[in-house]
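Welcome, and please open the model in your viewer. We will begin with the whole chain and then move in to a single side chain.

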Amino acid sequence: MAGRYQNIGTQKTDSGKTIYLPTKYPTLVPSNEDYYIIAREEDRFDLIAADFFGDSTYWWVVVMANDLPGDSMYAPPGTQLRIPGNLNNALTAFNVENETL
């Protein structure tokens, strides 16, 4: 599994310390492949990602697809959530946004 930090740029400070550049998240455009669910009270983004993508670390894909703030791992109950049907498209968009020159 490739981590989402794999393609994040780094930079050396004047003191020689390596720092990560800010992470940019893409806008995930809806497609005909997407799934829609209604969130229940106990639903968490990491568990939704595990169910749909087989990996809980892709929770941010669900958050970004729904333009949510990402300040909670719990989905707002009763909210219709869009789950991208093609994870590779989301990961490609993420990598493009975070490419360094």
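Start with the surface view: about 6,700 Å² of the protein is exposed, and carbon and sulfur atoms supply 49% of that area. Keep in mind as you look around that this is a predicted model.

Now switch to cartoon. You should find three helices and four strands, and tracing from the N terminus gives the order β-β-β-α-α-β-α. Draw a box along the principal axes and the C-alpha atoms fill roughly 50 × 25 × 25 Å.

Next, colour by burial. Of the 101 residues, 31% count as buried. If you display contacts between residues at least 6 apart in sequence, 66% of them join residues at least 24 apart.

For the charges, select the 7 positive and 13 negative ones: their mean positions lie 9 Å apart.

Time to zoom in. Select aspartate 43, in the loop that links β3 (35–38) to α1 (45–53). Is aspartate 43 buried or exposed? Its relative accessibility is 9%, and because buried means under 20%, aspartate 43 counts as buried.

What does aspartate 43 touch, leaving aside residues up to four places away in sequence? Show Ile38, Ile48, Met73, Tyr74 and Ala75 as sticks, and you have its contacts.

For the last stop, add the backbone of arginine 40. The backbone nitrogen of arginine 40 sits 2.7 Å from a polar atom of the aspartate 43 side chain. With that distance on screen, you can view the buried aspartate 43 together with its loop between β3 and α1.

Key: Residues numbered from 1 in each chain as written. Predicted model: local features only at pLDDT ≥ 70, side-chain atom pairs only at ≥ 80, totals over all residues. Heavy atoms only, no water. Helix = DSSP H or I, 4+ residues; strand = E, 2+ residues; numbered from the N terminus. Buried < 20%, exposed > 50% of the residue type's maximum accessible area, 1.4 Å probe, protein only. Contact = heavy atoms within 4.5 Å. Areas by Shrake-Rupley, 256 points an atom, 1.4 Å probe, with all protein chains shown as cover. Lys, Arg positive; Asp, Glu negative; His and termini not counted. Charge placed at Lys NZ, Arg CZ, Asp CG, Glu CD. Polar contact = N/O pair within 3.5 Å; in protein donor to acceptor, adjacent residues only side chain to side chain.
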